[in-house]
Every structure is written in structure tokens, then in C-alpha cells.
Amino acid sequence: MKPSKTHQKQVNIRLDDETLDRLDECRSDLRDQFPNIPTRSDVVRMAIEEFLERRGRDGHPPSESSTDR
């Protein structure tokens, strides 16, 4: 379950123009999946959640087998 907005902490980041443009493209791409176009913060949160989920619960990426290399 996701924390309510009242339990969220604010974190500031700096992004270059190219990354911001890509972030805005993602917002547009996601427009049809949500009642309203997601904010930049929404997209950044989704990206961080996806990244952390891929890393796994222990904070490390899944081990690669020798066949994956």
C-alpha cells in the first residue's frame, strides 16, 4: 500500500533539459492511463518505484546466471 501524501517527504532533484523533456514525454504517454495527466512528481515516483522493485527487496539486482552474460 502506498503512503498517503501526508506521510510523504519532499526531495529535491536537479535534472537537465533533455531529461525533463523525456519526463514530459512520459507524462503525455501516460495520459490515457489516468483520469488526469500525471505530474512530473508522479512520473518520478513511478520511475523510482519501478527501479526499486527491479532491484528487489534486499536492494540488490537479481543475480545474473552465466547464460545471461
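The second largest pocket of this predicted model is lined by L15, T19, R22, L23, C26, V43, V44, A47 and I48. Its volume is about 220 Å³. What kinds of residues make up the lining of the second largest pocket? They divide into 7 nonpolar, 1 polar and 1 charged. Helix 1 (17-30) and helix 2 each supply at least two residues of this lining. How can empty space be found at all? Rolling a probe the size of a water molecule over the atoms shows where it is left.

Now for the helices themselves. The chain has 2 helices and 0 strands. You can check each helix with simple arithmetic: a rise of 1.5 Å a residue, counted over one less than the number of residues, gives the expected span. The table sets that span beside the distance between the end C-alpha atoms.

| Helix | Residues in helix | Expected span | End C-alpha distance |
|---|---|---|---|
| Helix 1 | 14 residues | 20 Å | 20 Å |
| Helix 2 | 16 residues | 22 Å | 23 Å |

For helix 1 the two values agree, and for helix 2, which runs over residues 40-55, they agree as well.

The helix ends are worth a look too. At the start of helix 1, D16 has a side-chain oxygen that reaches to within 3.1 Å of the backbone nitrogen of E18. Which residue follows helix 2? It is G56, with a positive phi near 95°.

Finally, step back to the whole chain. Of its 69 residues, 6% count as buried. The chain exposes about 6800 Å², and carbon and sulfur atoms supply 50% of that area.

Notes. Residues numbered from 1 in each chain as written. Predicted model: local features only at pLDDT ≥ 70, side-chain atom pairs only at ≥ 80, totals over all residues. Heavy atoms only, no water. Helix = DSSP H or I, 4+ residues; strand = E, 2+ residues; numbered from the N terminus. Buried < 20%, exposed > 50% of the residue type's maximum accessible area, 1.4 Å probe, protein only. Areas by Shrake-Rupley, 256 points an atom, 1.4 Å probe, with all protein chains shown as cover. 1 Å grid on protein atoms, 1.4 Å probe; cavity = no way out; pocket = protein on both sides within 12 Å on 5 of 7 lines; lining within 4 Å. Points joined across faces, edges and corners; volume = space filled by probe spheres on them. Nonpolar A, V, L, I, M, F, W, Y, C, P; charged D, E, K, R; others polar. Polar contact = N/O pair within 3.5 Å; in protein donor to acceptor, adjacent residues only side chain to side chain.
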